[in-house]
Amino acid sequence: MSKLAIHSGPQAAEGLREFAWPKLRPEDEAAVLKALRDNYWGGIGDENLPNTLFEKGFAEYHDARYGVAVANGTVSLELSLRAGGVRPGDEVLVPAITFVATASAIVSVGAVPVFVDVDPRTAQIDAVALEAAVTPRTRAVIAVHYGGYMADMDAVLPAAMRHHLLVVEDCAHAQGSAWRGKGAGSLGHFGSFSFQHSKSLVAGEGGIVLTDDEALFEKVALMRNIGRRTGQASYDHYISASNCRMGGLQGALLLSQFSRFSQQAEERHRNGLWLEGELDNIPGLSRQPADERLTRRGCYFLVLNFDAEAFGCSRDRFISAMQAEGVGWVGAGYARPLYREPAFLPDNLKPLLPPGIPVPDYPSLRLPHSEKWAACQVTIGHPYLLGDGAGARLVLEAARKVKECVKDLQ
Ligand SMILES: Cc1ncc(COP(=O)(O)O)c(C=O)c1O
């Protein structure tokens with residue numbers, strides 16, 4: 001076995017350079033140019049053809065009836081909560097292991113994020129903990145499909161129904177995922193997606209809200225469009241709302257890439273299953289459990305559990321060594337359980353909540369499984385899962401090499 005790249009040896013996964021993301025193709029450039037020439041730069045509704053076609057295609061692929069394209073995946077969460085009836089002072093349940101936007105969107109609508117622990121095996125919201133956190137003020141739950149591995153919707157949906165909660169699926173990581181054959185984002189009342197630059201379908205910025213419910217669809221469409229009906233050019237505004245529209249060039253870029261999305265989702269699923277299975281054989285690395293109900297994992301990143309003692313070095317050393325071997329997108333996920341973010345310290349939160357609403361004491365909160373996942377997760381990015389499996393094999397070679405030479409890291 002050659003010397004580790006972190007000690008100036010040759011890289012095991014140099015070939016991963018070819019997997020840089022996002023990948024622009026000539027047809028994407030042509031689509032954006034055409035949208036520019038056709039004057040689809042923006043618009044206030046369905047005269048903006050690429051956006052409308054994309055909304056329809058993306059919703060249909062995920063088995064939802066309606067899609068509303070918006071500016072990003074944070075406002076898509078805010079719109080879902082608002083349109084779903086969450087009011088200032090309500091409580092919204094949210095897992096503590098996710099990107100900050102899942103919880104900050106709750107605060108943006110004046111509601112209180114109530115952090116719920118995750119399942120120790122899957123890192124997804126735990127339905128038992130969810131139900132235990134319900135109070136008379138609880139109005140909604142955001143089920144995050146973390147990494148694209150989905151929350152246990154067989155348990156989350158009945159728990160939410162027993163308490164008449166709105167269910168928003170945060171699918172920012174789960175483009176293409178499916179639960180028992182049904183697309184992510186079509187199981188709850190709303191599915192919220194992001195097309196930010198690192199995601200598995202991208203437009204620099206962008207988002208979409210999916211729903212099956214016509215009345216909710218109409219509400220979100222009005223809220224996206226400063227209170228105007230879709231396609232209506234006149235100055236008639238039926239509600240007071242913000243402008244959360246997606247631009248036309250982003251719609252064109254998404255529509256063009258979407259023609260290859262279905263194949264990419266299958267590749268991510270197939271190569272992801274293979275790679276996590278192989279990595280699981282390396283002492284110190286273990287995968288989230290295989291779950292037959294997760295019929296397709298679109299995958300934003302694979303989430304592994306790193307056991308420093310069994311592997312033989314710290315997580316930080318492992319990540320640095322993997323990066324040196326050429327695996328650019330390997331990381332520790334989000335830095336901490338969200339209730340440890342300075343944004344949610346009582347002094348920072350209080351001015352954003354309605355007067356009289358008690359501010360949760362997050363500094364004393366301890367959610368053991370979330371703390372464990374924050375301390376031990378290792379994430380591996382989706383671009384390496386595309387294609388015939390060559391990228392996944394290179395990631396595996398790098399991990400095996402680092403394990404074999406782990407003594408050199410101590
Ligand atoms: C889980 C999760 N939710 C929401 C978002 C917000 O999406 P955006 O960056 O498009 O606002 C992200 C973005 O990274 C995310 O990872």
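Leaving aside its neighbours within four places in sequence, which residues is Thr-138 in contact with? In this predicted model, the list reads Glu-91, Leu-93, Ala-133 and Leu-165. Thr-138 belongs to strand E4, which covers residues 138-144. With a relative accessible area of 10%, Thr-138 counts as buried, because the cut-off for that label is under 20%. Its side chain also has a polar partner: one of the polar side-chain atoms of Thr-138 sits 2.7 Å from the backbone nitrogen of Thr-135.

Burial comes up again in helix H3, made up of residues 75-83. Eight of its nine residues are buried, so the rest of the structure largely encloses this helix. The buried set takes in Val-75, Ser-76, Leu-77, Glu-78, Leu-79, Ser-80, Leu-81 and Ala-83. Just after H3 comes Gly-85, whose phi is positive, at about 95 degrees.

Next, the sheet. Three strands make up an open sheet, in the order E7-E6-E11, and their pairing is antiparallel. E7 (182-183) and E11 (294-296) are the edge strands; each has a single partner strand, so one side of each is left without a neighbour in the sheet. As a general point, strands of a sheet pair through backbone hydrogen bonds, in either a parallel or an antiparallel way. Here, E6 (residues 178-179) pairs with E11 in the antiparallel sense, over two bridges. Ala-178 has Arg-296 as its bridge partner in E11.

Another arginine, Arg-287, is placed in strand E10, which runs over residues 285-287. The Arg-287 side chain makes a polar contact with the side chain of Glu-276, at 2.9 Å. Glu-276 also appears among the residues in contact with Arg-287 once neighbours within four places in sequence are left aside; the others are Leu-273, Gly-277, Asp-280 and Leu-304.

That leaves the ligand, which has 15 residues around it. Gly-73, Thr-74, Asp-170, Ser-194 and Lys-199 are the closest. Sorted by class, the shell holds four nonpolar, nine polar and two charged residues. Several side chains put an N or O atom by a ligand oxygen. For Ser-194, a polar side-chain atom is 2.7 Å from an oxygen atom of the ligand. For His-173, the distance from a side-chain N or O atom to a ligand oxygen is 2.9 Å, and for Tyr-334 the corresponding value is 3.4 Å. On its own, the ligand has 390 Å² of accessible area, and the protein covers 92% of that.

Technical notes: Residues are numbered from 1 along each chain as its sequence is written. This is a predicted model: local features need pLDDT of at least 70, side-chain atom pairs count only at pLDDT 80 or more; totals for chains, interfaces and linings use all residues. Side-chain values use heavy atoms; hydrogens and water are left out. Helices (H or I, at least four residues) and strands (E, at least two) are DSSP runs, numbered from the N terminus. Buried means under 20% relative accessible area, exposed over 50%, partly exposed in between (1.4 Å probe, protein chains only). A polar contact is a pair of N or O atoms within 3.5 Å; within protein, one must be able to donate a hydrogen and the other to accept it, and residues adjacent in sequence count only if both atoms are side-chain atoms. Contact means heavy atoms within 4.5 Å. Two strands pair if DSSP finds at least two bridges between them. A residue is near a molecule or strand if one of its heavy atoms lies within 4 Å of it. Accessible areas come from the Shrake-Rupley method with a 1.4 Å probe; for residues, only the protein chains shown count as cover. Ala, Val, Leu, Ile, Met, Phe, Trp, Tyr, Cys and Pro count as nonpolar, Asp, Glu, Lys and Arg as charged, and the others, Gly among them, as polar.
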